[in-house]
Amino acid sequence: IIWATLRIERGAKENNHLLYKPYSNAIIAKEDLNSAPEFEMSDIFYFARRGVASIMDDEVTKRFSAEELESWNLLTRSNNNFHYISLRLTVLWGLGLLIRYSFLLPLRVTLAFTGVGLLVFLTCVIGLLPNGRLKNFLSQKVHLMCYRICVRALTAIITYHDSENKPKNGGICVANHTSPIDVIILASDGCYAMVGQIHGGLMGVIQRSMVKACPHIWFERSEVKDRHLVAKRLSDHVEDKSKLPILIFPEGTCINNTSVMMFKKGSFEIGATVYPVAIKYDPRFGDAFWNSSKFGMVNYLLRMMSSWAIVCSVWYLPPMSREEGEDACQFANRVKAAIARQGGLVDLLW
């Protein structure tokens, strides 16, 4: 439709024909306003084009594509044509490409394998110890060490604000979701109990080793859809004040770090204290957004490790509790609004 409309508009312009003529009622009219308006096939193309443009550029769909930059960061993925503008830019881009792929990427991949390998091995060893204060202490130290190694593998530069509001045991930490690396961004500054579906392959090996040292909450595929079972597992966890706070991303999907979308209400029905956290990435040095419809996990991680750096700010907001007469949806929206306001994000109702 758009192609056809452009052809018709170009042809009308070349022949000096009037294609869109305003009615007296501000829609479409013929040249002779005294005569009854007559319909022409060309009348619909303007509206069809505007309709398709509105569908393609609605406020929801564009949140699932990478944020546009005001200036080029010398990464081809952010603009495929800028390095052809001048010789100077081409040389700078080439030098950056050489540094990122010949020096930074091998170093970061080595660090990533080191961090993941140590996490799997050490948590399996700690899992052999009897439950108690020593096991919990060693588990927290190992998790922090390994997550911080993984953060170094991304050259992540993180600024944490208001650390006095960090989540405490028996609570639920909720944050906006941009990328799978949100987990290690938060876990490198404190220990959390993770919630998620059991996977196979390498991810499954990591999950099975982690749960031996720390009471993470993993669900089978068939259990994920059982809301009552999920709520029961979460409720049992937060009632034990000796267990780590649960880390949850209520949006349920990755958003491009320009907005916060509707929170699922499940984690707000439990009645536990909620610790909101706002995460805001700076895309100038590397875009952390994961477009899962375009890139697989391995491809995405390689793109992260071949960026200049991952720069972000994390704000710990004051704890929030459900007020009297407030339902789970209203509580979730209040928490979402606080996160969006602190992170400078758009608060969407979708």
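Buried means under 20% relative accessible area, exposed means over 50%, and partly exposed covers what lies in between. These classes are applied in the exercises below to a predicted model.

**Exercise 1. Describe the chain as a whole: how many helices and strands are there, and what percentage of its residues count as buried?**

Solution. Begin with the secondary structure, where the chain shows ten helices and nine strands. Turn next to burial, for which 42% of the 350 residues count as buried. The accessible surface of the chain comes to about 19700 Å², and carbon and sulfur atoms hold 60% of that surface. Finally, consider the contacts with a separation of 6 or more, of which 71% are made by residues 24 or more positions apart.

**Exercise 2. Work out how helix 4 and helix 6 pack, and which residues meet there.**

Solution. Locate the two elements, helix 4 at residues 133-153 and helix 6 at residues 201-213, whose axes are 9 Å apart and form an angle of about 145 degrees. From helix 4, the residues Lys 135, Ser 139, His 143 and Tyr 147 take part, and they meet Met 210, Lys 212 and Ala 213 of helix 6. Sorted by kind, the residues of this contact are three nonpolar, two polar and two charged. Now look at helix 6 by itself, where Gly 204, Ile 206, Gln 207, Ser 209, Met 210 and Ala 213 are buried. The buried residues of helix 6 pack against helix 4, and also against helix 3 (87-126), strand 3 (193-197) and strand 4 (217-219).

**Exercise 3. Find the nonpolar surface patch that includes Leu 138, and decide in which accessibility class Leu 138 falls.**

Solution. The patch is formed by Leu 129, Leu 134, Phe 137 and Leu 138, which together have about 350 Å² of accessible area. Leu 138 belongs to helix 4. Because its relative accessible area is 31%, Leu 138 is partly exposed.

**Exercise 4. Explain what is notable about the phi angles of Thr 155 and Asp 162, and place both residues in the chain.**

Solution. Recall first that most residues other than glycine have a negative phi. Thr 155, although not a glycine, has a positive phi of about 45 degrees, and Asp 162, likewise not a glycine, has a positive phi of about 55 degrees. Thr 155 sits in the loop between helix 4 and strand 1 (156-161), while Asp 162 is in the loop between strand 1 and strand 2 (172-175). With a relative accessible area of 29%, Thr 155 is partly exposed, and Asp 162 is also partly exposed, at 35%.

**Exercise 5. Examine the salt bridges of Arg 334 and Lys 336, and state which partners are buried or partly exposed.**

Solution. The model has seven salt bridges. In one of them, the side chains of Arg 334 and Glu 323 meet at 3.7 Å, N to O. Arg 334 lies in helix 10 (residues 328-343) and Glu 323 in the loop between strand 8 (310-316) and helix 10, so this pair ties together parts that are eleven residues apart in sequence. Since 25% lies between the two cut-offs, Arg 334 is partly exposed, and Glu 323, at 47%, is partly exposed as well.

In another salt bridge, the side chains of Asp 347 and Lys 336 meet at 2.3 Å, N to O. This pair joins Asp 347 in strand 9 (residues 346-347) to Lys 336 in helix 10, eleven residues apart. Asp 347 is partly exposed at 36%, whereas Lys 336 is buried, with a relative accessible area of 1%. As a last step, note that salt bridges with shared partners join Glu 323, Glu 326 and Arg 334 into one network.

Definitions and conventions. Residues numbered from 1 in each chain as written. Predicted model: local features only at pLDDT ≥ 70, side-chain atom pairs only at ≥ 80, totals over all residues. Heavy atoms only, no water. Axes fitted to C-alpha atoms, helices over the stretch in contact; angles between N-to-C directions. Helix = DSSP H or I, 4+ residues; strand = E, 2+ residues; numbered from the N terminus. Contact = heavy atoms within 4.5 Å. Nonpolar A, V, L, I, M, F, W, Y, C, P; charged D, E, K, R; others polar. Patch = residues over 30% accessible without salt bridge, like charges linked within 9 Å, V, L, I, M, F, W, Y side chains within 5 Å. Areas by Shrake-Rupley, 256 points an atom, 1.4 Å probe, with all protein chains shown as cover. Salt bridge = Lys/Arg side-chain N within 4 Å of Asp/Glu carboxyl O. Buried < 20%, exposed > 50% of the residue type's maximum accessible area, 1.4 Å probe, protein only.
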